[in-house]
Amino acid sequence: MELKLGANIQAMRRERGLTQEQLATAMGVTVGAVSKWEKGSCCPDVQLIPELAEFFGTSVDVLLGYGWEQGGMGRCAEHIRELLELKRYDEGIHEAAKALTRYPNSFPIVYCSGKLYLHAGFERHDTALVRQALPLLERALQLIAQNDDERISALSIHGEIGSCYACMGEFETALDYLRRHNDGRVNDREIGFCLHQLGRIDEAMVYFSDSYLEAVAHLFNAGVSQINCLGDMKRDSEALELAGWLKEVLRGLLPKSGPSFVVKMLSLLTGAEAVIHDALGEEEASRQALSGALAWARRFDAEPTGQTTGIRFYYGEKHALFDDSGTTAMEMLRDLVAEQESDTLTRRFEQVLEEERA
């Protein structure tokens with residue numbers, strides 16, 4: 001077995017921004033002793049090891065860093081995670097109880113168990129299970145320094161704790177908690193839900209609208225980026241399908257009349273279709289797509305707007321929308337065509353412009 005005690009003490013000390021002097025004071029030892037621990041020239045007294053583990057908010061197993069430890073603990077966490085994904089909740093709860101007894105200070109075990117109890121309680125409408133999730137997620141926050149999963153953060157755990165309160169019907173508590181941990185407006189939807197449950201409909205609609213608008217923006221930006229990636233991968237048919245689907249979604253957001261930023265988004269997607277057809281050698285399809293993109297561009301440039309008011313189903317406060325695709329939609333299309341460095345596409349674009357001017 002490989003012992004990594006010295007390296008782990010040093011890493012955990014640095015993670016918490018402590019000097020060797022500060023750790024020595026906390027443990028009641030000399031600075032020289034801490035230095036020797038970290039260099040691996042000697043080990044702490046046996047009775048100090050549990051104290052060090054408690055001080056760092058971890059388990060003795062994790063602190064010691066035995067070669068087998070990560071395998072055993074890692075397998076436990078992965079097994080709980082698999083049971084959660086498979087919704088085998090009873091089996092998962094049984095495994096979580098055993099794992100928590102063995103690894104009470106392991107972030108992966110504590111966090112996965114908390115999520116398991118939360119989701120099981122949510123799906124089964126069992127507030128007792130949700131109530132068991134709450135202290136586990138709160139404990140996971142204390143152990144967050146152990147986390148190496150980029151999908152998990154203190155902010156995401158705060159959101160799950162807020163969800164616990166909401167699942168237990170404690171909507172005022174959930175509302176207060178989520179508002180205090182709403183960096184980047186990540187909890188707008190959950191806040192809107194709590195407000196709705198409390199009968200504060202007008203306030204809820206504002207939060208739902210902001211969440212909805214953020215989702216639309218993410219969908220569009222991610223979709224366009226994915227279309228570009230699919231083009232680079234020569235998976236042009238999939239890129240066309242994705243562009244067509246996004247256009248159908250966006251058409252549903254157009255108001256019955258008046259200016260809308262959605263029109264500019266549709267112009268860009270239709271221009272992207274023209275680019276893809278050009279790459280496939282489909283001249284007529286590319287020409288038709290360019291014509292459609294120009295029609296959307298002219299419509300937008302006739303009534304340009306960078307406000308949220310022209311987006312259907314948005315009921316939040318009026319504010320600006322920002323993009324880096326050019327001041328006008330026509331400028332955006334010209335840049336899109338130029339970026340392709342395709343002589344045939346450039347000529348086709350100019351031909352369509354001339355034909356429509358005539």
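**Exercise 1. The largest cavity**

The largest cavity has a volume of about 30 Å³. This is a predicted model. Task: state how many cavities of 30 Å³ or more the structure holds, which residues line the largest cavity, and which helices each supply at least two residues of that lining.

Solution.
- Step 1. The count of cavities of 30 Å³ or more is 1.
- Step 2. Lining the largest cavity are Gly 271, Leu 290, Ala 293, Leu 294, Leu 333, Leu 336, Val 337 and Phe 349.
- Step 3. At least two lining residues come from each of helix H16 (283-302) and helix H17 (329-339).
- Step 4. Sorted by class, the lining has 7 nonpolar residues, 1 polar residue and no charged residues.

**Exercise 2. The largest pocket**

Task: describe the lining of the largest pocket, and find which element gives the most to the lining.

Solution.
- Step 1. The volume of the largest pocket is about 1400 Å³.
- Step 2. Helix H12 (188-197), H13, helix H15 (261-279) and H17 are the elements that give two or more residues to its lining.
- Step 3. Its lining comprises 48 residues, and those nearest the centre of the pocket are Phe 220, Asn 221, Val 224, Ser 225 and Leu 268.
- Step 4. The element that gives the most is H13, with 16 residues.
- Step 5. By class, the lining of this pocket has 22 nonpolar, 11 polar and 15 charged residues.

**Exercise 3. Three helix pairs**

Task: for H2 and H4, H10 and H11, and H7 and H8, use the angle between the axes to name the arrangement, then give the handedness of the crossing.

Solution.
- Step 1. Helix H2 (residues 20-27) and helix H4 (residues 48-56) have axes that come within 11 Å and cross at roughly 120 degrees. This angle makes H2 oblique to H4. The crossing in which H2 passes H4 is right-handed.
- Step 2. For helix H10 (residues 154-167) and helix H11 (residues 171-180), the axes come within 7 Å and the crossing angle is roughly 165 degrees. Angles over 145 degrees count as roughly antiparallel, and H10 and H11 are therefore roughly antiparallel to each other. H10 passes H11 in a crossing that is left-handed.
- Step 3. The axes of H7 and H8 are 10 Å apart, and the two helices pack at an angle of about 150 degrees. H7 is thus roughly antiparallel to H8. Here the crossing of H7 past H8 is left-handed.

**Exercise 4. Positive phi angles**

Task: locate Arg 185 and Lys 234, give the phi of each, and decide whether each is buried, partly exposed or exposed.

Solution.
- Step 1. Most residues other than glycine have a negative phi.
- Step 2. Arg 185 is not a glycine, yet has a positive phi of about 60 degrees. Arg 185 sits in the loop between H11 and H12.
- Step 3. Lys 234, also a residue other than glycine, has a positive phi near 65 degrees. The loop between H13 and helix H14 (236-251) holds Lys 234.
- Step 4. The cut-off for exposed is over 50% relative accessible area, and partly exposed lies between that and the 20% limit for buried. With a relative accessible area of 42%, Arg 185 is therefore partly exposed. Lys 234, at 67% relative accessibility, counts as exposed.

**Exercise 5. Three residues and their partners**

Task: for Ser 106, Thr 173 and Asn 228, give the location, the degree of exposure, and the C-alpha distance to a second residue.

Solution.
- Step 1. The loop between helix H7 (89-102) and helix H8 (107-124) contains Ser 106. Its relative accessibility is 0%, so Ser 106 counts as buried. Ser 106 and Ala 77 are 29 residues apart along the chain, and their C-alpha atoms are separated by 9.2 Å.
- Step 2. Thr 173 belongs to helix H11. A relative accessibility of 37% makes Thr 173 partly exposed. From Thr 173 to Cys 194 is 21 residues in sequence and 9.4 Å in space, C-alpha to C-alpha.
- Step 3. Asn 228 is part of helix H13 (residues 201-232). Its relative accessibility is 46%, so Asn 228 counts as partly exposed. Asn 228 lies 40 residues from Asp 188 in sequence, and the C-alpha to C-alpha distance between Asn 228 and Asp 188 is 30 Å.

Note on methods:
Residues numbered from 1 in each chain as written. Predicted model: local features only at pLDDT ≥ 70, side-chain atom pairs only at ≥ 80, totals over all residues. Heavy atoms only, no water. Helix = DSSP H or I, 4+ residues; strand = E, 2+ residues; numbered from the N terminus. Buried < 20%, exposed > 50% of the residue type's maximum accessible area, 1.4 Å probe, protein only. 1 Å grid on protein atoms, 1.4 Å probe; cavity = no way out; pocket = protein on both sides within 12 Å on 5 of 7 lines; lining within 4 Å. Points joined across faces, edges and corners; volume = space filled by probe spheres on them. Nonpolar A, V, L, I, M, F, W, Y, C, P; charged D, E, K, R; others polar. Axes fitted to C-alpha atoms, helices over the stretch in contact; angles between N-to-C directions. Parallel < 35°, antiparallel > 145°, perpendicular 65-115°, else oblique. Left-handed = near helix turned anticlockwise from the far one by under 90°.
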